[in-house]
Every structure is written in structure tokens, then in C-alpha cells.
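Trainee: Could you take a close look at a single part of this model with me, and then set it beside the rest of the chain?

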Amino acid sequence: MGQQPFDWQREAWTKYLAGHHGLILASTGMGKTRAAWLGPLAQWIKDPIEESGWTRRSKREVSPPLQALWITPLRALAADSCHALQECIDGLQLPWTLEQRTGDTSSSTKLRQRQAPPTAMVITPESLTLLLSYPESRDTFRSLRAVVVDEWHELLGSKRGIQTELALAHLARIAPNAQRWALSATIGNPDQALNTLVGTRPSRPLSLIAGGQQRAFDLQVLLPEHIERFPWAGHIGLSMLPRVIEQIEGANSTLVFTNTRNQTELWYRAILHARPQWAGRLAVHHGSLAHELRTWVEQAVSEGKLIAVVCTSSLDLGVDFAPVDQVIQVGSPKGTARLVQRAGRSGHSPGRSSKLAFVPSHAFEIIELEAARLAIEAKQIEERRALRAPLDCLVQHAVTMALGSPYTRQEMFEEVSSAYSYRDITQEQLDWVLDFVTTGGCLHAYPDYRRVVCEFERYCVKEESIAKRHRMAIGTITADMMLQVQMMNGSKIGFVEESFASKLKPGDRFLLGGRVLQLEWIREGAVWVKKGKGEPNAVPRWLGGNLPLSSELSAGVRRLIDRMARKLSGPPGEPGAATGAGTQSATGADAGPNNQKASAGIPEGLKVLEGLMRLQRRWSHLPRLDELLVERHRSREGDAIMIYPFEGRSVSEGLGALLAYRISKFHPLSISISVNDYGLMLFCPESIPIKLDTLPYWLKRDGIEEDILSSLNATEMTRRGFRDIARISGLIHHGMPGRSKSMRHLQASATMVFDVLKEYDPENLLLHQARQEVLADQLQIDRLKGALDRMHSQRWEVRELDQWTPFSFPLMVERVRDRIGSESLADRIRKMQGQLEATAAWDEQAT
DNA sequence: TATTCCCCGCCAGGGT
């Protein structure tokens, strides 16, 4: 492989030879290095084969049996990885065959691969599990010597990661000699990532290799002419268009990342409007576009044909685009890992650095970016934790294994408990799973649910129809409710949500994939369109998950606000500064390397926010690290209480629900809740009959799980969440490919199963799981508890307001937004902004 | 002119 600039490679090589399992933390943008690392891998595998005197066993067999698996989470990476691996194989003159079994591999190839597997295979977790569901897999994988998981951080923390863990646990049983390695981007908890990879009973010593320097990158903030003192969500977005265009013009090729698909379409349109001459050299890329279009865009980027691509995180991973020399991030990245990842998409050629320009979409995002910058400097990257023992995945695994390699109860227990995520599973829990797939539990009347039979103490699947249906349902990714959008000539554009399509009338024009499309009709689950002329009158909106500000960034924001509070209260020694509490936070939660710098004053990047912060301080208060700000605004319209834990959107939501629920148990009021990443607002047209100094009591830790579950209409949330669990555990299934059941139908059957279980089997562990997932995922209960602990250790600074403050204004807007249409909303907001602005100016003059 | 919500994977078997 020639000279390698990285020392760690030699180290990796040595440790590898020494026979470890391990994890390599490769910083982003190291595609080339990754490829080089394959060399040692292939070499190591080759030696033992030669020693073992491998000989051709049959005429057909011209290469050694399966030796290596390269697991990739992304189809788009498969071809790239194959290419790199092939180069290594050629370089070492190995008699190997290499194939990819994923993506568009034809069904005949897939069949042949099962009968005569190649020596090395590039595969996705889903395809691997599928392979394991065939009886011949036991023979196929027996010779396996190495498994490499690429982009491990991407799988970790999701059910896809769980699926991978379970597949690896099974492989360990068939091929105990196989070494396990993974490549991951930098994450905050590499040790746990390694443990998750190797499981609880690793067959070799472990090795963690922190590879390569994190590449430095230029970070630039594009600021508007002036900063609003009363920002509300998203308000500087497109007004920054001229600066963004200027930025794009200054480079050869740019990726413009936005946070939503809707935003992507709008920005694409806006840029093209401003620069019509870029038509054909500007592209749009997101998850709801047809695969064909996306592949075309990816190809065009890597060939350097495009000036810019506007995209969502659909381009976070994937092939390394050498021609891209800068990245623009519109709106907050919400986490440091994502920022680093995106910056790393640019500057891929040797000797070039990554360039990222940040476009805040409202004023507070400038703080978030600064917090991210500091966190990156201090090497604080978010953790990715594996899920704890999700039983739906285990149910699926139990059926898959019954298909591929029938097992005894004891064998399965050993296999499953060797997976890190299931390390604490009890025999009772596993027995429950086995019983559930065998008898169907309370669904036993339906033969479809008696999937597995136990014969001579071994669990297996007898019926071909069950086997077939299960194989088609393997995987943990559950589809959204989408309709295909097709041109009248049949070419596919992408997907829109049913709810969006249902609002369209024939003749309506909407934007998708950067094109104006005119609706012809909606038929057979597809939206048929033709090319539209003129301006679109709708842009689809997709309802995705929300991305709360990460814990790390939230803490960073709190620290920065503390710094500004300190700065604005005057130099140390003056009365203003002396009134504040100690300089260090009383809680451990905020102790971090940035604390020492707390006295350094306002970071350069935050100077622009000084006016806004000054106003917040004058009209209310700027909270220090050891303070919690509570505001109350009473008016003729009603009573509003605001609390600012700065802990991300989902925590705000949980706290709001908890508080409203507990108050309304004593006082029957209709309280509305609005939230953002920083805080929450309770609003009631009548006066809320509580004193603010009793708030800590209303927010006490005892019994929060029960209260939150009852407050959030949790049954409904659980019911909805149960759909995914039902799909993964095989309780519902979509129809055959090509004529899949409509999503509404799928939801209906999930609801039916849910109701049956709830009535006849309330202790069903899958129902329990659904509740736990609502708590853990949607409400981030652990984070919420942490936030409560922190809040209780803080001093509560309570302020009665005369007018809305910079902190409370966005929350107030959020509340009003739900009630009135967007046009009158914008008018109303502008009016309120104007009034507040005038008050602020007057106020400033007076002082 | 717009004023929020990411991403990821997968079938079988016979005929041409």
C-alpha cells in the first residue's frame, strides 16, 4: 500500500496481527485512509489461509470460501467500499472473489451468492440478517475470519444497530474465530461503542485506536446587516439569500445543508430565481426524492459538474465528494457531531481543509453555533448509546434464527445475552419471547401468529408461507406515510405525505425535487403529475421527527449565557457583578473545560447579540449557571408563565406537560403549552392560581414517570408508537412488494392488535416496550430527570414582566401560531415586533 | 414570498 502518513495505521496493523477485536475512530473525511486500512485486513486473512493449505474443493470453487464481511449501513457506500477492497485484493494478488450483496444486486446473483459465496462480501445489516435466515448460512459463515463494520456510529443507538449486534452475536456462535472490527467517526463514548461491537464475551483482547487528527476546519458565520431584538423561529432564513449566493460564487462547488426537506426545496427555488443561469448546475437532494434523481445528483457532484447542491442530512454520509470545497449550514446543526460531520464533507483533496459557513436562521442560533465551536475545540462530541434490550428486535431475531439455524432455549439465551444491549436479559424475558413467537400469546387463535414450532427442544419454522413473509419483513426501518409522485410518462420524482396530497386539487402546482409539478390525479396510491408552468402554489411539508438541541450544546448555550450575564453586569468588583452568585456552577452538570474561560468575557462571535441580551437583562434577567429564570406575563389576554431550563425541545415539552397536568389536577383550567429548545410557556386565559415560589413543589421529582405518562395522553402516543414495534416484531405486515397495503391500513391493523393486547394481555412485554420508548425517545426521560435535578439545585430567579422579552417572545409566537393562519400571523408578529422595538428604543433613550 | 422538523434498508422464482 506504500507509505501511509498516519502512525496509527502501523499501530492498527500491529494490533490487528496480534489478534484483537477493536474499534478505530477515524475522523471524518478519511475515506482514503479507510481504504488503505483494508490492506492489513486482507493480508492478515491471507496468511492463515495459506498456512491452512486451502485447496480447491470442486471445479466450481475457484476462490477461498467466505473470509470477510464488510458491513455498511448505506447502499450508496457499497460500491465505493467494493472498489477500495478490490484494489487491496489486487495489490496483494489474492485469489479472492469480492462481491456486494446489497442495493441493486439482481435476484439471480443473490441466489448464486447463497450457493457459492464469494471470499469477501460487502453487505448491509438487513441483507446480512436475510442471509442468516437461510439454512445454508451455517455452512457459508463457518469459514468467516473477519467482520468489519463501517460507520459504526451511524448504526449505534438505533434499532439497526441492535439488529447488527444480534447478527454479530449469532455469527460468533457459527464462526467463533472471526475477528470483529469497526470504523467510527469520533464520538463521545468510544469505550461503550467498542463494547457494543464486541459483546459481553469477546473471544479476544480489545483494542481501541483513536485514529488521525480531527481535521481543522474554517468556520465562518454569515451575519445579517442587523440583528433583530425580538427574533422568532426561522426569521432570518431566506433574507440571507444574497450572502449565501455570494458565498457560493466564491467557491467551485458547495453543499448547502438545511434542516428540513421543505426548507431544501424553498432554498433551491430561491437560489435558482436569483441565478437563473445556474439552471442545470444546481441540484436538490433529500430523503423524499426518487432514488434515480438522488443517484444522478451524487454522480454529478463527484464529477464536479455542479455549482451547488441544496440538501438535508441525506448527504451527511456517503461517497466522499472530492470536488466539494465548502459547506454552508443553514440553521442550527443542533449537535456538535453533526456540525463536524457536515464540515467534513468538504475539502477532500489532500492538503485542503474543510470550510463551513454558518447561516443562522434566528438570532439565538448564533449562540448555539458558538457553543458548538467551543465544544469542538474542547473535543466534546456527543455520545451515541446503544438501546437497552428492545424486545421487538428480539422477537424478529428469534423468528429469523428459527428459519436459518434452529436453536434450543439455552443456545438462544447464550447467544442473545452475549450481545451488549441484551446483557441483562433474563431467562424469563427470553422465555416470554419464545412463547410469544410459538403460541402467539393472546393472538393464538390466528395461525399467522404461531410462527415458530418447538420440535425436540429446537425452535424452527415449518411453514414456507411464514418463512417467506418473515423474510420480507426483516429490518427495523419503518416507512412513513408517503405517496409516490410520478410523471404521466412513468418517471418517478419522489414522495409526498398523504395529508399534503389530499389538500391538492387537480391543476394545483407544487414544488418537488426543484421542479414545478402540476397535479393530474391521485390514483392507485400514486400522485400523477405533469410539468407545471409558472409559480408553485404549494410546497410539500414532511412531518419528521424533531431534533432537540443536544445535551452538550444545551450546556454550552447555558455557559455562554452565563458569560454574557457576567460581562453585562460590569467588570468584577462593581456592584452589578457582586450581586451574582459564585463563579462556578453549584452542580456538576455544567462543569466543563469551558468554565475556566468563563471570565474571558463575551466571545467575539457573540458581540452582535449584546443589544438583545442587554434588553433581556433590563426587562427581565439573564440567568447565570446557578440560576433558573422564571418569567410571568399577565395581560388582558391571559396569564403566561415561562421557565427556561435550556435543555432542548423534548425536555421543555415534558416539563410543560408535567406542570400543566399537576396544576390542573388541583385547579381545573385549560392550560396551553408552547415550547422551544430553550424553555416552555404555560398559558391560560384566566389567571393561573399558583404562586411562582411554589413552582419547585409542582416540579418535584417524585412520581414524574406516572404523571408524565398520564399527562401526555400517553395511550395515544403509545398506540402510535406501537405501530413500529408491531411491524418489527412481525405482528403486522405490509402486503407483497408492489402492492403494499396503504399506511392507513397498516396503522389500523396496528391499532387493532394494540387494543386486543391491551384488553386480553395487558402485561404483554411489547406494550410495556411501547410505553418505555415513548418515555425514552419522545420525552427523553433521563435527560428530563437530569434537568429537574439541576433545576432544583439552582436559585430560581422570578420576574414579573411588563412586556414580552427576547426570551419569551418566540414562545408567545409559538402559541399564537397554532391558532391563526400564517398570513395574518406574519402581520401580527410584525406588529408586535414593531411595538416592542419602539418600547425598547424609548426605554434605551430614557436610561 | 415562504417562518420547521433528518436519515437509513428490504422479495422470490421462472422466463427471457
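Mentor: Happily! Helix H3 covers residues 75–91, 17 residues in all, helices being DSSP runs of H or I of at least four residues, and strands E runs of at least two, numbered from the N terminus. From its first C-alpha to its last, H3 reaches 25 Å, close to the expected 24 Å, which is 1.5 Å times one less than the number of residues. This is a predicted model, so local features need pLDDT of at least 70 and side-chain atom pairs pLDDT 80 or more, while totals for chains, interfaces and linings use all residues. Residues are numbered from 1 along each chain as its sequence is written, with chains lettered from A and ligands numbered from 1 in the order written.

Leu77, Ala78, Asp80, Ser81, Ala84, Leu85, Cys88 and Ile89 are the buried residues of H3; buried means 20 or more other C-beta atoms within 10 Å of a residue's own, exposed 12 or fewer, partly exposed in between, with C-beta atoms placed from the backbone. An α-helix has 3.6 residues a turn, so residues three or four places apart point the same way. After H3 comes glutamine 93, with a positive phi near 50°.

Now for the rest of chain A, which has 31 helices and 25 strands. Of its 847 residues, 46% are buried. The largest nonpolar core (buried Ala, Val, Leu, Ile, Met, Phe, Trp, Tyr and Cys joined through C-beta atoms within 7 Å) has 196 residues, and Leu682 is among those with the most contacts inside it. Beyond its neighbours within four places in sequence, leucine 682 has contacts (backbone-placed C-beta atoms within 7 Å) that include Ala640, Leu659 and Ile688. A separate second core of 13 residues includes Val485 and Phe510.

For a helix pair, try H23 (residues 649–666) and H29 (residues 781–793): their axes come within 9 Å and cross at roughly 70°, the axes being lines fitted to C-alpha atoms over the stretch in contact, with angles from 0 to 180 degrees between N-to-C directions. H23 is therefore roughly perpendicular to H29, a label for 65 to 115 degrees. Here Val651, Gly654 and Leu655 of H23 meet Arg783, Leu784 and Ala787 of H29. Those residues divide into four nonpolar, one polar and one charged; Ala, Val, Leu, Ile, Met, Phe, Trp, Tyr, Cys and Pro count as nonpolar, Asp, Glu, Lys and Arg as charged, and the others, Gly among them, as polar.

Lastly, alanine 838 sits in H31 (residues 822–846) and counts as exposed because it has 10 C-beta neighbours inside 10 Å.

Technical notes:
Two residues are in contact if their C-beta atoms, placed from the backbone, lie within 7 Å. Angles under 35 degrees count as roughly parallel, over 145 as roughly antiparallel, 65 to 115 as roughly perpendicular and the rest as oblique.
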